[in-house]
Amino acid sequence: MDWLIIGGGIHGVHLAARLLGEAGVAPERLGIVDPGDRLLARWRTSTATTGMSHLRSPSVHHLDLQPGSLERFAGKRKTRKPGLFAAPYARPALALFNAHCDRVVKTFGLADLHIQDRAMTCTVDCDGVGVEFASGREITARNLVLAIGASEQPEWPNWAPRDDRRVQHIFEPGFDGWPSSSQTVAVIGGGISAGHVALRLLDEGHQVHLVSRHTLRQHQFDSDPGWLGPKFMSGFSRERDLDRRRALIADARHKGSVPPDVRGALRRAFKCNQLRWHEGEVEGFDARRNGLELRLSTEAVLEVESVLLATGFSSGRPGGAMVDALIATASLPCASCGYPVIDSALRWHPRIHVSGPLAELELGPTSRNIAGARRAGDRLVDFVLTNGTTAAG
Ligand SMILES: Cc1cc2nc3c(=O)[nH]c(=O)nc-3n(C[C@H](O)[C@H](O)[C@H](O)COP(=O)(O)OP(=O)(O)OC[C@H]3O[C@@H](n4cnc5c(N)ncnc54)[C@H](O)[C@@H]3O)c2cc1C
């Protein structure tokens, strides 16, 4: 195999489409390994859980090759069903975006290239990268792409027990703890996912407390659009000090922020007392047989039946033990933040490319997003067109 992509999420699927559609890689020379029962399974479950109706990003951020593909897929403006795009910036409806993803998967025959498994170890030698799967199967690929995202490392606050079914993280793989009947629920988090979850719970008739460390921070996008082009990226690329790049990324990402439409909906719900807002930290937690008690830094005490954590993902380097071992055996360079030191072709090693969070120190604050997958695609395609489809070989 010439190209093995680990991770069949937004990034892995887009990169596969680009390698096949623009770089001339033959389908029989490419594989995508992902444990999901279908490609993009994690994306679908996490977005569905939040109840979000539209994406936060604009319509040009999608998984196909041409920027206008999603707009065209939606049909002619005059005859389109209402609600397919939300203003401002023509943000696509989740259902439309997902249907378009299905079309990309179909166009490039990606379902046939999906290896439903988990990569456990990767070993570099002179023939390529040997990857051992959880099933025991092994594949050697001339080139490996790590597109593993952060979705397998949800951030759990220290006080939250992991062994009480009444306390759940909405992004935990296999999450099945959505409150079924009318309950009193505490949602923990102050970003767009917490906002969406609180609104979905209200809509379904639950009593909802939203507990956030900070006031509602409003930003249309999770970083300024200037980071998508030279306006901010040229300074970022000139910066050679990786600690300073990390600081620029931290500064640029509007973590825990909500766009104006979500802020507006939450404020309306607070005003008519449908939603209780608490700005503070959870300082104490007690699990009782008949309920959960949360003690807040505001001195409020909440009695709830369940807690949904919408606290995002850990900022640590993704990939767990597999990536730790690869770093050790292949002597891969890391910055002091633990993230890969890579070249402009996103190579961590002559045979290993990265995308998503792992490419952040090269692609900047949008690296984790759909736009980041597209930027990674540009770099990978340029690299293959210069070096040939078997690239590192
Ligand atoms: C609710 C939500 C809404 C979002 N909305 C937007 C938006 O509107 N616009 C935007 O630009 N971004 C958005 N994002 C951010 C980002 O685009 C998504 O998180 C996106 O899913 C990231 O894609 P990914 O491929 O990097 O990671 P993932 O979706 O996490 O996919 C990585 C895949 O790799 C698999 N994997 C991990 N380790 C292994 C292994 N060892 N072997 C095999 N497979 C492995 C995982 O199981 C997973 O399936 C959103 C994120 C969330 C959570």
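# Strands, cores and a ligand shell

Visitor: In β17, which residue is the bridge partner of Gly284?

Guide: The partner of Gly284 is to be sought in β17, and it should be kept in mind that this model is predicted. β16 and β17, the latter made of residues 291-296, pair in the antiparallel sense over six bridges. In β17, the bridge partner of Gly284 is Arg295.

Visitor: What is the order of the strands in the open sheet of three strands?

Guide: The pairing in this open sheet is antiparallel, and one part of it is the set of six bridges between β16 and β17. With its third strand included, the sheet has the order β16-β17-β18.

Visitor: How large is the average twist from one strand to the next?

Guide: At the edges of this sheet stand β16 (282-288) and β18 (301-304), each of which pairs on one side only. Going from one strand to the next, the twist averages 15°.

Visitor: Which residue in β7 is the bridge partner of Ala119?

Guide: Strand β6 covers residues 119-125 and strand β7 covers residues 128-133, and the two pair in the antiparallel sense over six bridges. They are joined by a hairpin through two residues. Looking in β7 for the residue bridged to Ala119, one arrives at Phe133.

Visitor: Which residue takes a positive phi in the hairpin of β7 and β8?

Guide: β7 also runs antiparallel to strand β8, residues 138-141, and four bridges join the two. One pair within this arrangement is Glu132 with its bridge partner in β8, Glu138. The hairpin has four residues between the strands, and the residue with a positive phi, near 100°, is Gly136.

Visitor: Is Leu40 buried or exposed?

Guide: Leu40 is placed in the loop between β2 and α2, and although it is not a glycine, it has a positive phi of about 65°. A residue needs 20 or more other C-beta atoms within 10 Å to be called buried. Because Leu40 has 22 C-beta neighbours inside 10 Å, it counts as buried.

Visitor: And Ser331, is it buried or exposed?

Guide: Ser331 is also not a glycine, and it has a positive phi of about 50°, while its place is the loop between α9 (320-330) and β20 (347-349). The cut-off for an exposed residue is 12 or fewer other C-beta atoms within 10 Å. Since Ser331 has 9 such atoms, it is exposed.

Visitor: What is the omega of the peptide bond from Ala87 to Pro88?

Guide: Pro88 is found in the loop between β3 (85-86) and β4 (91-92). The peptide bond that leads from Ala87 to Pro88 is cis, with omega near -5°.

Visitor: Which element supplies the largest share of the shell around the ligand?

Guide: The ligand is surrounded by 34 residues, and the closest are Gly7, Gly9, Gly149, Ser151 and Asn369. By kind, the shell divides into twelve nonpolar, 16 polar and six charged residues. At least two residues each come from α1 (10-21), β2 (30-34), α2 (41-50) and α11 (370-387). The largest share, five residues, comes from α2.

Visitor: How far apart are the C-alpha atoms of Ser151 and Pro173?

Guide: Ser151 lies in the loop between β9 (143-146) and β10 (167-169), and with 19 other C-beta atoms within 10 Å it is partly exposed. Leaving aside neighbours within four places in sequence, Ser151 is in contact with residues including Gly9, Arg42 and Phe313. Pro173 is 22 residues away from Ser151 along the chain, yet their C-alpha atoms are separated by 7.9 Å.

Visitor: How many residues are in the largest nonpolar core?

Guide: In soluble globular proteins, nonpolar side chains tend to be buried together. Ile6, Val13, Ala16, Leu19 and Leu144 have the most contacts inside the largest nonpolar core. Among the contacts of Leu144, with neighbours within four places in sequence left aside, are Leu4, Ile6 and Val131. The number of residues in this core is 63.

Visitor: How far apart in space are Ile188 and Leu210, C-alpha to C-alpha?

Guide: Leu210 belongs to another core of 29 residues, which lies apart from the largest one and also includes Val258, Leu294 and Leu308. Ile188 is placed in strand β11, residues 184-188, and is buried because 26 other C-beta atoms lie within 10 Å. Although Ile188 and Leu210 are 22 residues apart in sequence, their separation in space, C-alpha to C-alpha, is 6.1 Å.

Terms used: Residues numbered from 1 in each chain as written. Predicted model: local features only at pLDDT ≥ 70, side-chain atom pairs only at ≥ 80, totals over all residues. Core = buried A, V, L, I, M, F, W, Y, C linked by C-beta atoms within 7 Å. Contact = placed C-beta atoms within 7 Å. Near = placed C-beta within 6 Å. Nonpolar A, V, L, I, M, F, W, Y, C, P; charged D, E, K, R; others polar. Pairing = 2+ DSSP bridges. Axes fitted to C-alpha atoms, helices over the stretch in contact; angles between N-to-C directions.
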